[in-house]
Amino acid sequence: MTLYLASGSPRRAELLQQIAVPFTVLKAPDIDETPLENEEPQSYVERMAKEKSRVGELRRQSGGLPDGAVLGADTAVVLGKEILGKPRDRDHALQMLRALSGNEHQVISALALTQGQACSLACSITLVRFRELNEHQLARYVATGEGDDKAGGYGIQGLGGALVAQLTGSYSGVVGLPLEQTVALLEQAGLDYWRID
């Protein structure tokens with residue numbers, strides 16, 4: 001069975017490649033990612049993953065691609081109850097990183113695997129504590145541009161790893177695709193991984 005990844009994230013593709021999962025990338029779904037009024041962060045992330053998977057399945061069908069399973073994913077950085085999305089600009093990135101400095105936040109990653117009308121859901125919540133960082137350190141990191149397209153304004157798999165003092169949970173979940181939950185969904189769907197040709 002073919003696995004389709006409904007994401008334009010190179011990091012998610014790399015994580016699937018890391019565990020030798022064969023897949024085909026679908027164009028990243030263009031959906032409204034605005035949280036609903038009073039929506040809880042986990043509910044928001046799960047809704048986004050399901051919507052991305054659903055739109056990916058519609059694209060698969062309209063493109064005449066073979067049957068398969070469509071994997072959608074979403075990741076949010078959450079400080080308190082506030083969802084920190086991708087920064088609008090470098091000033092916004094600096095503002096978010098100031099708030100994260102010295103504090104613990106959650107990284108919530110949700111996965112949705114759609115096969116026809118059926119959709120399976122999984123979620124990972126990781127606690128991340130940032131080091132106490134001064135203004136110079138924060139400005140230097142923002143200037144690298146590494147966090148420009150990442151939730152919370154940082155990427156743990158790159159230079160942003162130096163911002164982190166402690167992590168409890170899934171490292172791959174913080175990158176954007178929690179492998180433990182991914183493998184569980186693939187196994188439930190009868191999809192192969194650790195493929196050796």
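A salt bridge is taken here as a side-chain nitrogen of Lys or Arg within 4 Å of a carboxyl oxygen of Asp or Glu. In the predicted model, R98 and E135 satisfy this criterion, with their closest N and O atoms 2.6 Å apart. The two residues lie in distant parts of the chain, 37 residues apart: R98 belongs to helix α3 (residues 90-100) and E135 to helix α4 (residues 135-144). R98 is partly exposed, with a relative accessible area of 41%, and E135 is likewise partly exposed, at 39%.

A search of the whole structure returns eleven salt bridges. Among them is the pair K52 and E33, whose side chains meet at an N to O distance of 4.0 Å. This contact also links distant parts of the chain, 19 residues apart, with K52 in helix α2 (residues 41-62) and E33 in the loop between β2 (24-26) and α2. Because residues under 20% relative accessible area are classed as buried, K52 falls in that class at 9%. E33, with 38% relative accessibility, counts as partly exposed.

A further salt bridge joins the side chains of R60 and D67, with an N to O distance of 3.5 Å. Here R60 is buried, its relative accessible area being 6%, whereas D67 counts as exposed at 62% relative accessibility.

Salt bridges also connect R11, D149 and K150, which are linked in a network.

Technical notes
Residues numbered from 1 in each chain as written. Predicted model: local features only at pLDDT ≥ 70, side-chain atom pairs only at ≥ 80, totals over all residues. Heavy atoms only, no water. Helix = DSSP H or I, 4+ residues; strand = E, 2+ residues; numbered from the N terminus. Buried < 20%, exposed > 50% of the residue type's maximum accessible area, 1.4 Å probe, protein only.
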